[in-house]
Amino acid sequence: MLSYNGTDYTLVVITVLAVVLLATAEYFICAKAKRNFVKYILFVVPAAFLAVIPFTLTGSSGGFVDLRPLAAFIEFVAAAICAAAIGAGWLICKIKKK
């Protein structure tokens with residue numbers, strides 16, 4: 001747990017690290033790759049999050065409160081954050097090549 005003054009920042013730190021790593025990886029892949037297929041290979045990460053959403057929504061609720069839509073929404077937000085980070089890395093690469 002990453003706590004500071006009683007507040008837990010674990011999720012924030014993990015999210016920032018994921019964004020930085022994905023953007024950096026996409027930048028280096030885009031800078032070195034010759035073929036377009038290779039440049040878009042990291043989009044598998046948000047696609048995996050999106051592929052899990054139907055399974056999350058159709059699983060059993062397992063209790064009094066059904067949290068499946070919330071879990072699906074969190075997976076969607078994670079996919080959007082990953083896609084934005086990869087898009088930022090791609091955009092930085094395009095700007096630097098000009």
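Tyrosine 40 counts as partly exposed, at 41% relative accessibility. Let us start from this residue and work through the rest of the structure, keeping in mind that the model is predicted.

## Aromatic rings

How many aromatic pairs does the structure hold? There are 2 aromatic pairs in the structure. One of them joins tyrosine 27 and phenylalanine 28 in an edge-to-face arrangement, with 5.4 Å from centre to centre and 65° between the planes. Tyrosine 40 belongs to a pair with phenylalanine 43: the ring centres are 6.3 Å apart and the planes stand at 40°, so this pair is tilted. It helps to know that a pair of aromatic rings is described by the distance of the centres and the angle of the planes.

How accessible are the partners? Tyrosine 27 has 22% relative accessibility and counts as partly exposed. Phenylalanine 28 is also partly exposed, with a relative accessible area of 47%. For phenylalanine 43 the value is 31%, so this residue too counts as partly exposed.

The two pairs can be set side by side:

| Pair | Centre to centre | Angle between planes | Arrangement |
|---|---|---|---|
| Tyrosine 27 and phenylalanine 28 | 5.4 Å | 65° | edge-to-face |
| Tyrosine 40 and phenylalanine 43 | 6.3 Å | 40° | tilted |

## Two helices and what covers them

Now to the helices. Helix 4 runs over residues 68-97 and has 30 residues. From its first C-alpha to its last, helix 4 reaches 44 Å, close to the 44 Å expected at 1.5 Å a residue. Helix 1 has 23 residues and reaches 33 Å between its end C-alpha atoms, close to the 33 Å expected at 1.5 Å a residue.

Which residues of helix 4 are buried? They are Ala72, Glu75, Ala79, Cys82, Ala85, Ile86, Gly89 and Cys93. Their cover includes helix 1 (10-32) and helix 3 (44-58). In helix 1, the buried residues are Thr10, Leu22, Ala23, Glu26 and Cys30. What covers these includes strand 2 (7-8), helix 2, helix 3 and helix 4. Helix 1 is thus part of the cover of helix 4, and helix 4 is part of the cover of helix 1.

## The nonpolar core

In soluble globular proteins, nonpolar side chains tend to be buried together. Here the largest nonpolar core is made of 5 residues: Leu22, Leu42, Cys82, Ala85 and Ile86. Helix 4 gives the most to this core, with 3 residues. Take a look at isoleucine 86: leaving aside neighbours within four places in sequence, this residue is in contact with Leu22, Glu26, Leu42, Phe43 and Pro46. Phe43 may be familiar by now, as the partner of tyrosine 40 in the tilted pair.

## Buried charges without a salt bridge

Glutamate 26 lies in helix 1, and lysine 39 has its place in helix 2 (residues 36-39). Is lysine 39 buried or exposed? Lysine 39 is buried, yet has no salt bridge. Its nearest side chain of opposite charge is glutamate 26, 8.4 Å away. Glutamate 26 is likewise buried and without a salt bridge, and lysine 39 is the nearest side chain of opposite charge.

Their surroundings fill in the picture. Not counting residues up to four places away in sequence, glutamate 26 touches Lys39, Leu42, Ile86, Gly89 and Trp90. With the same kind of neighbours left aside, lysine 39 is in contact with Glu26, Ile29, Cys30, Ala33, Lys94 and Lys97.

## The salt bridge

The structure holds 1 salt bridge. Which side chains meet in it? They are those of aspartate 66 and arginine 68, at 2.8 Å from N to O. Aspartate 66 has a relative accessible area of 36%, so this residue is partly exposed. Arginine 68 is partly exposed as well, with 24%.

Proline 69 lies in helix 4 and is partly exposed, with a relative accessible area of 48%. The C-alpha atoms of proline 69 and leucine 57 are separated by 6.4 Å, although the two residues are 12 residues apart along the chain.

## The start of the chain

Finally, methionine 1 is found in the segment before strand 1 (3-4). Why does methionine 1 count as exposed? Because its relative accessibility is 81%, and the cut-off for exposed is over 50%. Methionine 1 touches Asp8 and Thr10, residues up to four places away in sequence not being counted. Its C-alpha atom is separated by 9.3 Å from that of leucine 11, 10 residues apart along the chain.

Conventions
Residues are numbered from 1 along each chain as its sequence is written. This is a predicted model: local features need pLDDT of at least 70, side-chain atom pairs count only at pLDDT 80 or more; totals for chains, interfaces and linings use all residues. Side-chain values use heavy atoms; hydrogens and water are left out. Helices (H or I, at least four residues) and strands (E, at least two) are DSSP runs, numbered from the N terminus. The expected span of a helix is 1.5 Å times one less than its number of residues. Buried means under 20% relative accessible area, exposed over 50%, partly exposed in between (1.4 Å probe, protein chains only). Contact means heavy atoms within 4.5 Å. A nonpolar core is a set of buried Ala, Val, Leu, Ile, Met, Phe, Trp, Tyr and Cys residues joined through side-chain atoms within 4.5 Å. Lys and Arg count as positive and Asp and Glu as negative; His and the chain ends are not counted. A salt bridge is a side-chain nitrogen of Lys or Arg within 4 Å of a carboxyl oxygen of Asp or Glu. Rings of Phe, Tyr and Trp (its six-membered ring) pair if their centres lie within 6.5 Å; planes under 30 degrees apart count as stacked, over 60 as edge-to-face and the rest as tilted.
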